[in-house]
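Please give me a guided tour of this structure. I have it open in a viewer and would like to know what to select next and what is there.

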Amino acid sequence: MTEDTNRILIAGGGPVGYTAAYLLARRGIPVVLLEAGDKIFDDPRAGTIHPPTLELLATVGVTPLMLERGYVVGNYHYRDRRQGVIADFDLGVLAQDTPYPFRLMLEQHKICAIVRDLLLEEYPQYPVLLNHRVASVTQSTDGVEALVETPDGARTFKARYILGCDGGRSQVRKSMNVDFEGFTYDERFLILSTKYDFKPHGYALTNYIADPEQWCALFKVPGHDETGTWRVVFPMNSTTPEADIFAEAHVQWLIQRFHAKDGDYDVVHRNIYHVHQRVASCYRDGRILVAGDAAHINNPLGGMGMNFGFHDVFNLAEKLDRIWHQGESQDLLDQYDRQRRTVAQEYLQRQTIENKKNMENKDAAAQDRFYDELCGIVADKAKQRQYLRRVAMIEGIERAASIA
Ligand SMILES: Cc1cc2nc3c(=O)[nH]c(=O)nc-3n(C[C@H](O)[C@H](O)[C@H](O)COP(=O)(O)OP(=O)(O)OC[C@H]3O[C@@H](n4cnc5c(N)ncnc54)[C@H](O)[C@@H]3O)c2cc1C
């Protein structure tokens, strides 16, 4: 390997790609980050950060910077749209499990920018190349070659490995011999952002609100102006055109039907997303690897996808370090695949599919049983702790570590 190729390419400058680059740089592994876009995208996606993610990011100095900007959320509501609060979960019961017994609400583009700034400040020698889109990847026994579309035309980048953090439509994954197994929901998820304050009406900063006709999720993030913005998420059928969904009258009708108030809502953003449940059939093909949404995608109920991507790259960076600096076997990369893919299937997929089913259950008797179960959980501290260890992603990370 020449000096030039003794490095790792990271495809994708989303939260997972920037974090992967920063973790590897900190471990003395040269990186080049290739991002198709010209900036960090700030569309309203992840906003919920779970305790194990805060623990991991604390080891590299990121968490204190996030805590300065986000909202610490110690409790969240499970509600029924007609009956009101069913269960008020207290994340404080996790105090013996984590130094961060809460959720942090902070938008993903802000986390991404925090990590990018650390990378650029501390490791200016490692290029972050915007407007560089990885088109395809090939490999030999000792390296990879990525064909990259750049503003100056197509260029080939060589390296020892490439890590695809290039999102759900990953071009890197498409260059691997793997499937992206799972399904896509018929309905889409609409997100409306408003400055209207729901807190005086008794809502927690995070609320999951079940309903057989139209569930919704309501939570507060700092927002673009840092003064607080509420996001309201509704399911939308697959047939209505976007222009009709986004029409002011429709948007006002939806949100007023959820929470009636005098006068119109100040709706500052409206976005719609297709939602999928898929996991790559392998996270490694020789020297080509995937992490984050490139490896697994899921519905956002429970706020887990990005968190899971962070967990992927912390796991992988430690293994690449052992291979790079201690000459350990590349078989460690198969362990990365086993550990992270197993929990993506067993835990991430199962939990998020279940979260959505619980929100939209049309069987009234079954829903009553579910609500009784939730009430039983919050009434008993030990049960609540056990439940929250799962939904706060602590169990998933422990399960991954237990896989040889
Ligand atoms: C509505 C919604 C709410 C969500 N809420 C949460 C939440 O609260 N908590 C949570 O954990 N998760 C949540 N998620 C999921 C979260 O948004 C994703 O898991 C997260 O964005 C994944 O990060 P990533 O870096 O893997 O991919 P992305 O954020 O998709 O970033 C991929 C990057 O790669 C770039 N790229 C793409 N193709 C190429 C290429 N060929 N070459 C180079 N670059 C390329 C893209 O431009 C992009 O910058 C939510 C998702 C949605 C849609």
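**Starting at Asp80**

Select Asp80 first: its bridge partner in β14 is Ala210. The model shown here is a predicted one. The two strands involved, β5 and β14, pair in the parallel sense, and 4 bridges hold that pairing.

Stay on Asp80 and look towards β6, where its bridge partner is Gly84. Asn75 also has a bridge partner in β6, namely Asp90. In total, 6 bridges join β5 to β6, and these two strands run antiparallel. They form a hairpin, with 3 residues between the two strands.

Now colour β5 by burial. Of its 6 residues, 5 are buried, so the strand is mostly covered.

**The sheet of 8 strands**

Widen the selection to the whole sheet. It is an open sheet of 8 strands, with mixed pairing, in the order β6-β5-β14-β15-β16-β13-β17-β20. Which strands are at its edges? They are β6 (84-90) and β20 (296-297), each of which pairs on one side only.

Two helices can be added to this view. Select residues 248-258 to show helix α7, which lies across β13 (180-194), β14 (206-210), β15 (216-221), β16 (229-236) and β17 (267-280). Helix α7 runs at about 100° to β16. Then select α11, which lies across β5 and β6 and runs at about 85° to β6.

**The second largest pocket**

Keep β5 and α11 on screen, and turn to the second largest pocket, which has a volume of about 320 Å³. Its lining is made up of 22 residues, and the closest to the centre are Tyr76, Gln351, Asn355, Tyr387 and Val391. Select these five to find the place. The elements that give two or more residues to the lining are β5 (75-80), α9 (332-360), α10 (364-379) and α11 (381-391). How many of the lining residues are nonpolar, polar and charged? The lining has 11 nonpolar, 5 polar and 6 charged residues.

**From β17 to Asp43**

Return to the sheet and select Asn271, which is in strand β17. Is Asn271 buried or exposed? Its relative accessible area is 18%, so Asn271 counts as buried, the cut-off being under 20%. Leaving aside its neighbours within four places in sequence, Asn271 is in contact with Asp43, Pro44, Phe189, Leu190, Ile191 and Phe246.

Follow the contact to Asp43, which is in the loop between β2 (31-34) and β3 (48-49). Asp43 counts as partly exposed, because its relative accessibility is 25%. Apart from neighbours within four places in sequence, Asp43 is in contact with Asn271 and Tyr273. Select Gln108 as well: it is 65 residues from Asp43 along the chain, and the C-alpha atoms of the two are separated by 9.0 Å.

**The sheet of 6 strands**

From the loop, step back to β2. In a regular strand the side chains alternate between the two faces of the sheet. Select Val31 and Leu33, on one side of β2, and then Val32 and Leu34, on the other. These residues are all buried, and both faces of β2 are covered.

Next select Ile10, whose bridge partner in β2 is Leu33. β1 and β2 pair in the parallel sense over 4 bridges.

Both strands belong to an open sheet of 6 strands with mixed pairing, in the order β8-β2-β1-β12-β19-β18. At the edges stand β8 (128-129) and β18 (284-285); each has a single partner strand, so one side of each is left without a neighbour in the sheet.

Further along that order, select residues 161-164 for strand β12 and residues 288-290 for strand β19. These strands pair in the parallel sense over 3 bridges. One residue to pick out is Gly164, whose bridge partner in β19 is Val290.

Last, add the helices on this sheet. α9 touches β12, β18 and β19, and its direction makes about 25° with that of β19. Helix α8 (residues 305-326) lies across β1 (8-11), β12 and β19, and runs at about 180° to β12. α9 has already appeared on this tour, as one of the elements that line the second largest pocket.

Notes: Residues are numbered from 1 along each chain as its sequence is written. This is a predicted model: local features need pLDDT of at least 70, side-chain atom pairs count only at pLDDT 80 or more; totals for chains, interfaces and linings use all residues. Side-chain values use heavy atoms; hydrogens and water are left out. On a 1 Å grid over the protein atoms alone, a cavity is a set of points where a 1.4 Å probe fits but cannot get out, and a pocket is an open set with protein on both sides within 12 Å along at least five of seven lines; lining residues have an atom within 4 Å of a point. Grid points are joined across faces, edges and corners, and a volume is the space filled by probe spheres set on the points. Ala, Val, Leu, Ile, Met, Phe, Trp, Tyr, Cys and Pro count as nonpolar, Asp, Glu, Lys and Arg as charged, and the others, Gly among them, as polar. Two strands pair if DSSP finds at least two bridges between them. Contact means heavy atoms within 4.5 Å. Axes are lines fitted to C-alpha atoms, for helices over the stretch in contact, and angles run from 0 to 180 degrees between N-to-C directions. Buried means under 20% relative accessible area, exposed over 50%, partly exposed in between (1.4 Å probe, protein chains only).
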